[in-house]
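Please examine the sequence and the three-dimensional structure shown here before reading the explanation.

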Amino acid sequence: MIKNYLKTAWRNLLKNKVYSLINIAGLATGMAVAMIIGLWIYDEVSANRHFKNYDKIYQIMMNQTFDGKRGSQQAMPYPTGEELKTKYPDFKYVAMCDWGQNHSLMVGETKISKYGHFIGEDAVKMFSLHILQGDPNPLHEPYSIVLTSETAKVLFGKQNPIGKVVKFDNSFDLKVTAVVEKQPKNSSISYEYLIPFNLQEIVYSWVKQFHKTNWGNNSWQVFVQLNDNATQASMNAKIKDVLISHFTDENTLKHIKPEVFIHPMSKWRLYSDFENGVNTGGFIKYVRMFGILGLIVLIIACINFMNLSTARSEKRAKEVGVRKAVGSEKKQLVAQFLCESLLISFFAFLFALGIVALALPYFNKITDKAMTLHLANPIFWIIMILFTAFTGILAGSYPAFFLSAFNPVRVLKGNLKAGKRSSLPRKILVVAQFASSVVLMIGTIIIKQQIQFGKDRPIGFNNKGLISVLWSTDIEKNYDVLRQELLSSGGVVSICTSNSPPSDIYSNNNGWEWKGSQPVDKTVVFSTIATTYDYTKTMGIKLISGRDFSRDFADSNGVVLNQAAVKRMNLQDPVGASLKWNDKPMIVLGVIPDIQMESPYRPISPLTIIYSKGWVGYVNIRMNPNMSAAKAISLMKPIFDKYNPSFPFEYQFADEEYAKKFNYEKLVGDLAGIIAVLAIFISCLGLFGLASFTAEQRVKEIGVRKVLGASVMNLWQLLSKDFVVLVLISCGIAVPIGWYLMHEWLKDYQYKTEIGFGVFIAVVLIAMAVTLITVSFQAIKAAVANPVKSLRTE
């Protein structure tokens, strides 16, 4: 029986090639979109699940109140790890960790810059690192280093790296104790090397001097693994006051109210947003959104199949009548038509698989992922079989029950005529199709407008022709001569140092006092940039008043404020004003505009720029504007190679780094745009098929009208009118829905674009144009046909 169903289904596909191709193309596109989004969602929700202790790993976090606002942070004091390890036995493992940075690794003449961490030795067992070679406890020796297999291959080639020496930052030697497998791209823990956390106390005097026993500086991460009998709730109750006993300033403690808690690994990636100390979600909202969009596109594709199948019902009516007359039951007819839809779904799946294979490299590029089709995995094929069956049944269920319900007596007498009511379900489905597509178009345009709105926001400095180079021990030794030779090269006009790059701010501090301030004001957090000389000149910042740090004065107690800081301190005449920072007297030297270095969609934070020779992370270089960037860099490279020999000459363009701040919104906009275009394409395929069928159905009417004098324009209007009305209804439904959804989306942004009527007018015009172009081909083809051919049988 099934063989007979399939044979009949195959014959019907061949008999109606155009409609079969339209159905297969539409379903294949919808299935491809659903598959790609499914792979993306899987990659997101499976993040970190490769860790064996996934359910027991947490990150230590802290809630604090600054300036009346409760905030959550991952940064913790240096002594936290030791405190938790010695006083709380419910923690099986505790690992302190820095924030990661690029450092130089040298072996002989080979020098590379790689990203890695100083991390506690418990991390190896906690994160179940896959050790390919070497010591199972590789971080217990202070001067040891763990390399990923890729890094080991670059440094040592085919040699066994275990026991070999790597020079770190051209400062000290480390022994390779293990080679581990690199973490997958969707892991929250990424690195090319790992070094013992406690080594910092030995090789960096500033760590031992300022951080080892300092409970007031939050600059480190802490990861923990719970014992099997411990729970998140019980541990939160035990450790919430762990910092309180270490506070020496009762006033500060009273206002900031620190509360420590643990945040599970299962929420690190998708539930990272906190508001008023409560976890409010995160990227999970986009995972859900795109999951819904993928399902909508698949449903749009299925609607095409339903519409074309039911529209051609009169063509299949006699077949149904004859089958019923000779004894076929309704369930057999349903099975027959479902077999046809499943066969089409199968062919569509094969095409969709090809589309996904071709599109995946591009999709990986725009999403910064490494997704693959798991063709060798049996579970993948089981899911694909179920997915194909689901699509076939979803697409074919309505036509199957619709066609199998025909009355055989009426059909065989020729009394089955399609009236207005019979076309109503198809019209509803077309409206649903286009309404969904129009909502996607509205969303895409508004997302793009929001991105452009952020890009158009004044940033307060000139990030063109500005590069930054990571600070190193070699640069520290040779900075003065390096600076002089760079300025003499002709490719550089200004140089400065800073603790963070031009595109970001790495430090925030409280403890400031000013005239009229209250004790609670010491909890106000100010962004902090540490620099020496020529900062405003190098960054292209125009001072509003006062001056920058100068070599002609002793400015170690000087501070430069931005306008937001002046406003927060309520300074009427800021230049020369006396301040205190953690009881240290400070004096305001100058005021700069509000410079945008953090999120372009949030208010600019109050900023303090302080003078510090020891707090350095980057060298910022203003290139000669009268010279090409390539030429300027070619002049700089030999100088850096000379005075920074342990590092390859690597640099970041400030404007390119700033552009990365829009990656999040750009990703959402690109994905929404792709889905919108494909949804419109699928909808247009359906319209094309329906227009073709309508023209075929009314061919004799068109012939009579032509004979009676109807023009091509009259006939075009006749055939296009119904579709235009349906699309206008779709737009009428979609516009308020689109406005509401995007209005809600924009609520997450404090600095946001306005939703104007122009967006909706543009989308309606685009929808109308696409509809007319799609329908016009069939309408004009029918209108210019010779009426003799259509009327010769009358």
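The paragraphs below treat a strand, several salt bridges and a surface patch in turn.

The model is predicted. A suitable starting point is strand β25, which spans residues 607-611. Of its 5 residues, 5 are buried, so the strand is largely enclosed by the rest of the structure. In a regular strand the side chains alternate between the two faces of the sheet. In β25, Leu607, Ile609 and Tyr611 point one way, while Thr608 and Ile610 point the other way. The residues on both sides are buried.

Two partners of this strand may be followed next. β25 pairs with β20 in the parallel sense, over 5 bridges, and in that pairing threonine 608 of β25 has threonine 528 opposite. With β22, β25 pairs in the antiparallel sense over 3 bridges. Here, isoleucine 609 of β25 stands opposite valine 560.

Attention now turns to charged side chains. The whole structure contains 24 salt bridges. One of them joins aspartate 43 and lysine 369, with an N to O distance of 2.7 Å. Aspartate 43 belongs to helix α2 (residues 17-45), whereas lysine 369 lies in the loop between α12 (330-367) and α13 (378-404); the pair therefore ties together parts that are 326 residues apart in sequence. Both aspartate 43 and lysine 369 are buried. Asp43 and Lys369 also belong to a network of salt bridges that includes Glu44 and Arg269.

A further salt bridge connects the side chains of aspartate 534 and arginine 551, at 3.3 Å from N to O. Aspartate 534 is located in the loop between β20 (526-531) and α17 (535-539), and arginine 551 in the loop between β21 (545-546) and β22 (558-562), with the two positions 17 residues apart in the chain. Is each partner buried or partly exposed? Aspartate 534 counts as buried because its relative accessibility is 18%. Arginine 551 counts as partly exposed because its value is 46%.

Lysine 747 and glutamate 744 form another salt bridge, with 3.0 Å from N to O. Glutamate 744 has a relative accessibility of 31% and therefore counts as partly exposed.

The last feature is a nonpolar patch on the surface, formed by Val725, Ile729, Ile733, Ile737, Trp739, Tyr740 and Leu741. Together these residues have about 630 Å² of accessible area. One of them, isoleucine 737, is placed in helix α23 (residues 712-746). Isoleucine 737 counts as partly exposed because its relative accessibility is 41%.

How values were computed. Residues are numbered from 1 along each chain as its sequence is written. This is a predicted model: local features need pLDDT of at least 70, side-chain atom pairs count only at pLDDT 80 or more; totals for chains, interfaces and linings use all residues. Side-chain values use heavy atoms; hydrogens and water are left out. Patches are made of residues with over 30% relative accessible area and no salt bridge: like charges are joined within 9 Å, nonpolar side chains (Val, Leu, Ile, Met, Phe, Trp, Tyr) within 5 Å. Accessible areas come from the Shrake-Rupley method with a 1.4 Å probe; for residues, only the protein chains shown count as cover. A salt bridge is a side-chain nitrogen of Lys or Arg within 4 Å of a carboxyl oxygen of Asp or Glu. Helices (H or I, at least four residues) and strands (E, at least two) are DSSP runs, numbered from the N terminus. Buried means under 20% relative accessible area, exposed over 50%, partly exposed in between (1.4 Å probe, protein chains only). Two strands pair if DSSP finds at least two bridges between them.
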